[in-house]
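Reader: Before I accept the labels put on a model, I want the reasoning behind them. Can we go through them one at a time?

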Amino acid sequence: MQKLFVTGGAGFIGSAFIRLALARWPDAEITNFDALTYAGNPDNLKGLDDARHRFVRGDIADREAVLAALEAGTDAIFNFAAESHVDRSIERADDFLRTNILGTQVLLDAARERGVRRFVQISTDEVMGSLPEDDSAFFNEESGYAPNSPYAASKAAAEHMVRAARHTFGLDTVTTRCGNNYGPRQFPEKLIPLLLSNALHDEPIPVYGDGQNVRDWIYVEDHCRAVALAYERGEAGGIYNIGARNERRNLEVVESILAALDKPRSLIRYVKDRPGHDRRYAIDPSKVERELGWQPVETWESGLAKTITWYAENTEWISRVRGGAYRDFYARQYGAEVGAK
Ligand SMILES: NC(=O)c1ccc[n+]([C@@H]2O[C@H](COP(=O)([O-])OP(=O)(O)OC[C@H]3O[C@@H](n4cnc5c(N)ncnc54)[C@H](O)[C@@H]3O)[C@@H](O)[C@H]2O)c1
């Protein structure tokens, strides 16, 4: 039997990871520890095998709560919990520092106290900053830290705390850094679910700046498989960059989705750019391919088709998440330019 402790498992990627983990490791019992912030959604956990999945509501920055939920003999902590949206970190960074940095440190301390075998930190390519636009440069594991947003800086700080726990206390840690994920159950503040949910409602689609920023997209299940492999085979103290060699300009993403839904380009509204907006992310995944034998299963076309189908079939899920916190944020962020919801 494997005991796994997954934080942030009611969010987009964490819930996909729990689905994958239950199927991949039939002997796994999972504690899903999640504070259910605006981004945490119990609907994301529907249909999971309750005999092997235990949900505990709690805050990773709350030491007592973490220790109460974390059993001795736990095989691994997978730390997906985070404040994850760059624009919110630009508005106000306090929660990002508390969850992403302090929360990670609390989990690292608890891992030592409970004798957890391996700590897997889910990080982001954004800790490495922004690349030039000319296609010649890629992020690899030797790229330096250059976080540009408060979100990215908090995730970089978390990576440093993980590194320090490895170096100082010999904790067995692995850090994965991926690019932009897409797939089912992503909160519609992020680009792809935002434009899917707006397009499905025939509402204007806000696009930052000139729409030419480049992101390296990965289907969420492909990312989760790489995290599983990093747990199974990753080198202690290792960092693995995970990318599907799939760079796309934001405008290209918008146009692909409008075309797939047969919606007009006239829905696009260019809005004031995000302050400090990183221009290009692109990951060189050679290490994860070579050392962990990982390859993405989905192409951009197949992953996008699955994503579009999921959102088109789950309009109730969309309606429920487009309430309170989402509506307020949307109005602050885009209301003046595209109108509030
Ligand atoms: N979404 C992406 O494209 C992307 C890319 C790179 C890295 N990541 C990283 O992957 C992880 C998961 O991202 P996501 O997109 O699923 O995020 P998400 O915002 O969808 O989910 C975050 C989850 O964490 C929970 N949470 C937040 N604060 C918490 C706290 N203090 N204690 C316990 N739970 C808390 C929320 O309730 C939510 O369920 C994050 O660490 C993020 O930095 C995401």
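Author: What follows takes several labels in turn and sets each against its cut-off; the model is predicted.

Reader: Why is Arg-185 called buried?

Author: The cut-off for buried is 20 or more other C-beta atoms within 10 Å. Arg-185 has 24 other C-beta atoms within 10 Å, and therefore counts as buried. Arg-185 sits in the loop between S7 and helix H6 (191-200).

Reader: What makes the phi of Arg-185 worth a remark?

Author: Most residues other than glycine have a negative phi. Arg-185 is not a glycine, yet its phi is positive, about 70°.

Reader: Why is Asp-262 called exposed?

Author: Exposed requires 12 or fewer C-beta neighbours within 10 Å. Asp-262 has 7 inside 10 Å, so the label exposed applies. Asp-262 belongs to the loop between helix H8 (250-261) and strand S12 (268-271). Asp-262 also has a positive phi, near 60°, and is a residue other than glycine.

Reader: What makes H6 "mostly covered"?

Author: In H6, 8 of its 10 residues are buried. These are Leu-191, Ile-192, Pro-193, Leu-195, Leu-196, Ser-197, Asn-198 and Ala-199. Their cover includes S7, strand S8 (205-208), H8, helix H10 (300-313) and helix H11 (315-321). After H6 comes Asp-202, with a positive phi near 55°.

Reader: How do you know that S6 and S10 pair?

Author: Pairing needs at least two bridges between the strands. Strand S6 (residues 173-178) and S10 are joined by 5 bridges, so the condition is met. The two strands run parallel. One of the partners can be named: Arg-177 is bridged to Asn-241 in S10. Strand S10 (residues 238-242) is itself mostly covered, with 4 of its 5 residues buried.

Reader: What places Val-120 in contact with Ala-230?

Author: A contact means C-beta atoms within 7 Å. Val-120 meets that condition with Ala-230, as do Val-174, Thr-176, Tyr-240 and Leu-292, leaving aside neighbours of Ala-230 within four places in sequence.

Reader: Which residues have the most contacts inside the largest nonpolar core?

Author: They are Phe-17, Ile-77, Phe-78, Val-120, Ala-226, Val-227 and Ala-230, in a core of 89 residues. Helix H5 (residues 150-169) gives the most to this core, with 9 residues. Both domain 1 and domain 2 supply at least three residues to this core.

Reader: Where do the domains lie, and how do you know that they touch?

Author: The domain assignment gives domain 1 (2-181 + 216-242) and domain 2 (182-214 + 248-276 + 301-335). Between them, 20 residues of domain 1 are in contact with 17 residues of domain 2. On the domain 1 side, at least two residues each come from H1, helix H3 (86-91), S7, strand S9 (214-219) and helix H7 (220-233). That side has 8 nonpolar, 8 polar and 4 charged residues. The centres of the two domains, taken over C-alpha atoms, are 25 Å apart.

Reader: What makes a residue part of the shell around the ligand, and how many are there?

Author: The C-beta atom must lie within 6 Å of the ligand. There are 30 such residues, the closest being Gly-8, Gly-11, Ala-39, Gly-40 and Ala-82. Helix H1 (12-24), helix H4 (94-114), strand S5 (118-124) and strand S7 (180-182) each give two or more residues. H1 gives the most, with 3 residues. By class, the shell has 14 nonpolar, 12 polar and 4 charged residues.

Methods
Residues are numbered from 1 along each chain as its sequence is written. This is a predicted model: local features need pLDDT of at least 70, side-chain atom pairs count only at pLDDT 80 or more; totals for chains, interfaces and linings use all residues. Ala, Val, Leu, Ile, Met, Phe, Trp, Tyr, Cys and Pro count as nonpolar, Asp, Glu, Lys and Arg as charged, and the others, Gly among them, as polar. Two residues are in contact if their C-beta atoms, placed from the backbone, lie within 7 Å. Domain bounds come from an automatic or database domain assignment. A nonpolar core is a set of buried Ala, Val, Leu, Ile, Met, Phe, Trp, Tyr and Cys residues joined through C-beta atoms within 7 Å.
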